[in-house]
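Reader: I have a structure open at my bench and would like to go through the words people use for it. Could you walk me through the reasoning?

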Amino acid sequence: VLIVAWQLRRPGADTATGAATAPALTTAALVLPAVVEAGEDWAWLRLGLMDLVAARLRRGDLATAASESVVALVRDRQTARPEDLLDAHDIAGSGTLRILPSVDLADGRWTVKLVARGGGNDLVVEARASDAIAAAREAVDTLLLRLGHRPPADANRPQGLDELLQRTRAAMLADRLDLAGDLIRDADPALRDSPEVTLRQAQIELRAGAYDAVEARVLRLLDQPGARDGALRGRALTTLATSDVRRGRPDDAARRYAEAITLLQDRGEPDALGAAYLGRGIVAIVRDDYQTALA
């Protein structure tokens with residue numbers, strides 16, 4: 001509601017009809033949906049790879065637009081070539097680095113290419129691997145280095161976990177919550193029961209409005225030894241606090257957002273920390289405390 005009201009107050013809004021054009025994003029970088037040259041089974045990479053690249057850029061300290069914002073901006077664009085979006089100035093400000101990923105599979109090897117244009121840069125990087133996600137990571141790290149940023153460090157993770165998380169994230173971005181749930185139910189039990197996937201299930205339930213299920217699942221997760229990690233616990237608390245807001249429990253939400261912010265400070269998790277700050281601001285709005293919300 002606040003975004004719509006702001007758009008209608010913009011000088012470019014059509015005051016006669018109430019229509020408004022979505023404002024161009026002004027972040028340092030913006031990642032477009034990926035071009036996928038592979039079989040139909042890999043169609044999820046269009047949004048999944050986009051989201052992976054954007055998240056990794058943020059972990060490398062390059063402010064990058066949220067995937068939800070990008071999906072909304074390009075959803076109705078009638079363009080014959082994805083490459084045209086690299087020069088679409090109504091999507092992002094002139095200083096924004098627009099990045100178009102492409103991925104193709106040939107002879108069992110994945111090639112991921114990133115074309116980056118804008119903000120005084122015109123770069124192309126490429127990486128190859130036997131796994132699409134591994135190739136994407138390598139390509140992003142190369143791009144970060146060429147932009148003068150340090151690539152993020154990776155912890156050891158179970159085989160297949162990142163692909164499952166990216167596939168479910170892509171399904172959520174496409175509003176296919178049923179598919180996201182099916183992907184988890186069909187996964188190997190070792191992955192399905194991992195803390196990261198348990199949290200993803202709670203996030204799917206949150207999007208579906210199943211707030212009681214969110215609370216039950218997250219509270220069980222927070223009691224598990226694997227949820228003692230600060231970053232994971234912070235993201236879980238943010239998910240739970242968001243369900244508190246939607247159920248009219250601002251006091252519980254404020255307490256959980258505050259704890260999440262403390263846990264997520266200096267963890268290299270800008271998405272999660274930003275979500276916790278945003279949630280705390282929403283709680284202040286619910287309480288009619290607008291100065292605190294702005295702060």
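**Reasons behind the labels**

Author: Happy to, and please keep in mind that this is a predicted model. Let's begin with Asp266, which counts as exposed because its relative accessibility is 79% and the label applies over 50%. Asp266 sits in the loop between α11 (250–264) and α12 (270–286), and its phi is near 60°, a positive value in a residue other than glycine.

Reader: Why is Asp288 called exposed?

Author: The reasoning is just like that: Asp288 has a relative accessible area of 55%, and exposed means over 50%, so the label fits Asp288. Asp288 belongs to the loop between α12 and α13 (290–294), and its phi is positive too, near 60°.

Reader: How many aromatic pairs does a search of the whole structure find?

Author: Two aromatic pairs turn up. One of them is Trp42 with Trp44, whose ring centres are 6.3 Å apart.

Reader: What makes the pair of Trp42 and Trp44 tilted?

Author: Two values go into the description: a pair of aromatic rings is described by the distance of the centres and the angle of the planes. The centres of Trp42 and Trp44 are 6.3 Å apart, and pairing asks for centres within 6.5 Å, so the two rings pair. Their planes meet at 40°, which is neither under 30 degrees (stacked) nor over 60 (edge-to-face), so the pair is tilted.

Reader: Why is the pair of Trp42 and Trp110 called edge-to-face?

Author: The planes of Trp42 and Trp110 are 70° apart, with 4.8 Å centre to centre. Edge-to-face calls for planes over 60 degrees apart, so that name follows. Trp42 lies in the loop between β2 (35–37) and α2 (45–59) and Trp110 in strand β4 (residues 109–118), so the pair ties together parts that are 68 residues apart in sequence. Trp42, Trp44 and Trp110 form one aromatic cluster.

Reader: How do you know which of these tryptophans are buried or exposed?

Author: Buried means under 20%. Trp110, at 4%, is therefore buried, and so is Trp44 at 13%. Trp42 has 25%, between the cut-offs of 20% and 50%, so Trp42 is partly exposed.

Reader: What about the strand that holds Trp110?

Author: β4 is mostly covered, with seven of its ten residues buried. Nine bridges join β4 to strand β3 (residues 97–106), and the two run antiparallel. Nine bridges also join β4 to strand β5 (residues 121–129), again antiparallel.

Methods
Residues numbered from 1 in each chain as written. Predicted model: local features only at pLDDT ≥ 70, side-chain atom pairs only at ≥ 80, totals over all residues. Heavy atoms only, no water. Helix = DSSP H or I, 4+ residues; strand = E, 2+ residues; numbered from the N terminus. Buried < 20%, exposed > 50% of the residue type's maximum accessible area, 1.4 Å probe, protein only. Phe/Tyr/Trp six-rings, centres within 6.5 Å; stacked < 30°, edge-to-face > 60°. Pairing = 2+ DSSP bridges.
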